[in-house]
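Here are a few exercises to work through with the model open beside you. Try each task before reading its solution.

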Amino acid sequence: MHLSVIGTGIVGVCTAAWLQREGHRVTFVDPREPGEACSFGNAGSLSPSACLPVGMPGLWKQVPRWLRDPLGPLTVRWGYLPRAWPWLAQFLRHSSRGEVERIAGALRALLAPIFDCYAPLLQRAGAEHLVRRTGCLYVYSSRQAAARWAWGMNLRRSLGVQLRDVGEDELLALEPDLKGRFRFGLLAPENGSTPDPSALVKALHAQCLRDGAAQVREGVAGFEGAGGGAPAHRGGEVRRLRLHGGGVLDVDGVVVAAGAWSAPLARALGAHVPLQTQRGYHVTVHSSNLALRHTVMAVEDNLMVNPMAMGLRLAGSVEFAGLAAPPRYERADVLLTKGRQLFPHLDASRTSRWMGHRPCLPDSLPVIGRAPGAANAWLAFGHGHVGMCAAASTGREVAALVGGRAPQVDLHPFRPERFGLLGRFGAA
Ligand SMILES: Cc1cc2nc3c(=O)[nH]c(=O)nc-3n(C[C@H](O)[C@H](O)[C@H](O)COP(=O)(O)OP(=O)(O)OC[C@H]3O[C@@H](n4cnc5c(N)ncnc54)[C@H](O)[C@@H]3O)c2cc1C
């Protein structure tokens, strides 16, 4: 079967690689170079432990503060509030204890096999060096401070995540650079990370090309069915992609993996999903003199710190401002200020800043499944904060669906139709 994969971020590329393993022919369609959108500048954490949704119980109490502080960890630009509000209302609805437990169970099933799902792709691409299993340290100013997050951590444990208490002495033995601010940690030994997220995408994409994939450097504008009209009725089939440049591409099937830009494409295939962008930022400290071995999550500061090939990356922040507004790099500067507070000896003389669009659904779960409006179209987007983690397992599951086999993960929680009428409100 000749499948077009729309999007060459980590999700599209992993999905294509899994489709090729099943004997399908792939054509990528994307105007950008692979791994240059959200998959470029993320924190690179590959965490089977990252199964908690963003919306946790009690979060609603923070809303007034978010609205007041334009540089806080989570902010909504005033002008964007009317667009974001329907999404935020759904997001709060999914942050009850019962919902969080349901969502965490679903995400854990997708995240538990992430290294098994990356392994064959990395091996084929000769890219094993781009994934390392060095563990993640969640660090806190004290054991008492950690108690505030105990409910979520215990939920993780109940789902099979390995987490081990680490006292101050052991913490400093593991990571001498944590001296000063941190007195307690939790070690997630099974976690890993990539030293270069964009290089990982590019390596897997290059292997797909060597294995026969084609690349069309254009955006997809829409779909045509057999008679030339829209395929968006149940049982219809996509026969052609309409490209922004005016051309068309004949296909036997299509996978939409266009990250934060997927909503209009999904809509054309009968799926209404409230896909927002949670804009996130990073600062990469190229002059870093730290010798961290683990990924470090400074929980109280909501800051992910990862030693990478190009320097120390400090990433985080959630901003609701849509797909078009220019970056507000002061938000990245806040990350650097926090980094300097946490690591007073950090040499931050050379840095670079970046903003990316996380593709986010209000329940913190991606959309994975067949498009309701076309029998030969599949959707794989909306991975939010865990797209690097979940891309390979998503690819494996999409390949199973395309092949007509039962998936290994229960995909019911990820179905495109799950938002019902609410799916019509709140997209970016
Ligand atoms: C600050 C920050 C830190 C993060 N840290 C982590 C982390 O540590 N671990 C983790 O797992 N995740 C992390 N994430 C999230 C992760 O980066 C994303 O979930 C992931 O990159 C999304 O991948 P994607 O392939 O869906 O989208 P993208 O990488 O954004 O790719 C989408 C592609 O689709 C293309 N496209 C869009 N529209 C069209 C169209 N009409 N036609 C053709 N092509 C189109 C785009 O050009 C783009 O290349 C982080 C994100 C941010 C912002």
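Two residues are in contact if their C-beta atoms, placed from the backbone, lie within 7 Å. Please keep in mind that this is a predicted model.

**Exercise 1. Find L401 and list its contacts, leaving aside its neighbours within four places in sequence.**

Step 1. Start with the helix: L401 belongs to α12, which covers residues 387-402.

Step 2. Apply the contact rule, and the partners of L401 outside its own sequence neighbourhood turn out to be R370, W378 and P407.

Step 3. Check a backbone distance too: from the C-alpha of L401 to that of G369 is 7.5 Å, although 32 residues separate the two in sequence.

Step 4. Count neighbours. L401 has 17 other C-beta atoms within 10 Å, so it is partly exposed; a buried residue would need 20 or more.

**Exercise 2. Place N376 and decide whether it is buried, partly exposed or exposed.**

Step 1. Look between the strands β19 (367-370) and β20 (377-381): N376 sits in the loop that joins them.

Step 2. Its count is 19 C-beta neighbours inside 10 Å, and N376 is therefore partly exposed.

Step 3. Now list the contacts of N376, again not counting residues up to four places away in sequence: they are E237, V238, D252 and G253.

Step 4. For a distance along the way, take V255, which is 121 residues from N376 along the chain; their C-alpha atoms are 8.7 Å apart.

**Exercise 3. Describe helix α3 and what its buried residues pack against.**

Step 1. The helix runs over residues 81-93, which makes 13 residues, and spans 17 Å between its first and last C-alpha, close to the expected 18 Å.

Step 2. Follow the axis of α3 and you meet a bend of about 30 degrees at W87.

Step 3. Pick out the buried residues of α3: A84, W87, Q90 and F91. An α-helix has 3.6 residues a turn, so residues three or four places apart point the same way.

Step 4. These buried residues of α3 pack against three strands, β4 (74-76), β14 (276-285) and β17 (311-320).

**Exercise 4. Which residues touch the most other members of the largest nonpolar core, and where does this core lie relative to the domains?**

Step 1. The core holds 124 residues, and V139 and V256 touch the most other members.

Step 2. Domain 1 (2-41 + 199-275 + 364-424) and domain 2 (56-105 + 133-191 + 276-360) both contribute residues, so the core lies between them.

Step 3. Inspect V139: beyond four places in sequence, its contacts are L171, L178, F182, G185, V296, M297, A298 and V299.

Step 4. A second core, separate and made of six residues, has V76, A84, W87 and F320 among its members. Two of the buried residues of α3, A84 and W87, thus reappear here.

**Exercise 5. How are the two domains arranged, and how compact is the chain?**

Step 1. The centres of domain 1 and domain 2 are 28 Å apart. Across the boundary, 17 residues of domain 1 are in contact with 15 residues of domain 2.

Step 2. Take stock of the chain: it has twelve helices and 20 strands. Its radius of gyration is 21 Å, close to the 22 Å from the globule rule for 428 residues, so the chain is as compact as a globular protein of that length.

Step 3. Add the overall dimensions: the C-alpha trace spans about 70 × 45 × 40 Å along its principal axes.

Step 4. Finish with burial, which covers 53% of the 428 residues.

Key. Residues are numbered from 1 along each chain as its sequence is written. This is a predicted model: local features need pLDDT of at least 70, side-chain atom pairs count only at pLDDT 80 or more; totals for chains, interfaces and linings use all residues. Helices (H or I, at least four residues) and strands (E, at least two) are DSSP runs, numbered from the N terminus. The expected span of a helix is 1.5 Å times one less than its number of residues. The bend at a residue is the angle between axes fitted to the seven residues ending there and the seven starting there. A residue is buried if 20 or more other C-beta atoms lie within 10 Å of its own, exposed if 12 or fewer, and partly exposed in between; C-beta atoms are placed from the backbone. A nonpolar core is a set of buried Ala, Val, Leu, Ile, Met, Phe, Trp, Tyr and Cys residues joined through C-beta atoms within 7 Å. Domain bounds come from an automatic or database domain assignment. The radius of gyration is taken over C-alpha atoms; the globule rule is 2.2 Å times the number of residues to the power 0.38.
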